[in-house]
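Here are my notes for you to read alongside the model. Keep the viewer open and look up each residue as we go.

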Amino acid sequence: MKQLFEPVVFVEHKPLVWDYKIYTDDYYKGYYHWHQCCEIMFVHGGQGNVVVNQQMYDIRRGMLFFFQPYQLHRIYSEVSPACPFERSIFYIDPHVAENLPTFSPSSNPLS
């Protein structure tokens with residue numbers, strides 16, 4: 001059985017770890033877990049659901065999910081060779097994320 005805590009290791013103090021286009025076409029049950037960092041998942045393809053904050057959301061191509069540090073979540077995808085689950089995952093050190101500039105419509109430099 002997998003543990004709930006899934007640590008992310010930031011090598012050489014780099015603030016970002018990412019896995020580009022993870023491809024799964026066989027059994028992918030998913031499991032509840034959490035990380036010590038922010039997780040951003042972009043869905044390239046596949047179907048299934050994400051459970052976070054006791055809410056279930058469908059997975060569809062083009063969706064972007066953001067999980068806060070220590071936020072329990074589960075990703076489940078119905079996969080097969082004909083319908084693989086493709087996603088890119090970015091892990092961001094929360095100490096770096098809290099110092100990122102914010103953007104709001106009132107501060108839009110393009111308007």
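1. Which strand gives the most to the lining of the largest pocket? Take a moment to look before reading on. It is S8, with three residues. Bear in mind throughout that this is a predicted model.

2. Let's stay with that pocket. The space in it comes to about 200 Å³. There are 13 residues in its lining, and the closest to the centre are Glu 6, Tyr 28, Tyr 31, His 33 and Arg 87. Strand S3 (38-45) and strand S8 (85-92) each contribute at least two lining residues. By type, the lining splits into seven nonpolar, two polar and four charged residues.

3. Now zoom out to the whole protein. You should find one helix and eight strands. Follow the sequence from start to end and the order reads β-β-β-β-β-β-β-β-α, with the helix coming after the strands.

4. What about contacts along the chain? Take the contacts with a separation of 6 or more: 74% of them join residues 24 or more positions apart. As for the surface, about 7,800 Å² is accessible, and carbon and sulfur atoms account for 56% of that. Of the 111 residues in the protein, 32% are buried.

5. Ser 77 is a nice one to click on. You'll find Ser 77 in strand S7 (residues 73-77). Is Ser 77 buried or exposed? Its relative accessibility is 2%, so Ser 77 counts as buried; the cut-off for buried is under 20%.

6. Who are the partners of Ser 77? If you skip the neighbours within four places in sequence, Ser 77 is in contact with Tyr 28, Gln 47, Gly 48 and Phe 85. With Gln 47 there is a specific link to look for: the Ser 77 side chain reaches the backbone oxygen of Gln 47 at 2.8 Å. Tyr 28 has turned up before, as one of the residues closest to the centre of the largest pocket.

7. Last, check the backbone ahead of strand S1. Most residues other than glycine have a negative phi. Glu 12 is not a glycine, yet its phi is positive, at about 55°. His 13 also has a positive phi without being a glycine, at about 60°. Glu 12 sits in the segment before strand S1 (16-24), and His 13 is found in the segment before S1 too.

8. Are Glu 12 and His 13 buried or exposed? Glu 12 has a relative accessible area of 65%, so Glu 12 is exposed. For His 13 the value is 78%, so His 13 is exposed as well.

Key. Residues numbered from 1 in each chain as written. Predicted model: local features only at pLDDT ≥ 70, side-chain atom pairs only at ≥ 80, totals over all residues. Heavy atoms only, no water. Helix = DSSP H or I, 4+ residues; strand = E, 2+ residues; numbered from the N terminus. Buried < 20%, exposed > 50% of the residue type's maximum accessible area, 1.4 Å probe, protein only. Polar contact = N/O pair within 3.5 Å; in protein donor to acceptor, adjacent residues only side chain to side chain. Contact = heavy atoms within 4.5 Å. 1 Å grid on protein atoms, 1.4 Å probe; cavity = no way out; pocket = protein on both sides within 12 Å on 5 of 7 lines; lining within 4 Å. Points joined across faces, edges and corners; volume = space filled by probe spheres on them. Nonpolar A, V, L, I, M, F, W, Y, C, P; charged D, E, K, R; others polar. Areas by Shrake-Rupley, 256 points an atom, 1.4 Å probe, with all protein chains shown as cover.
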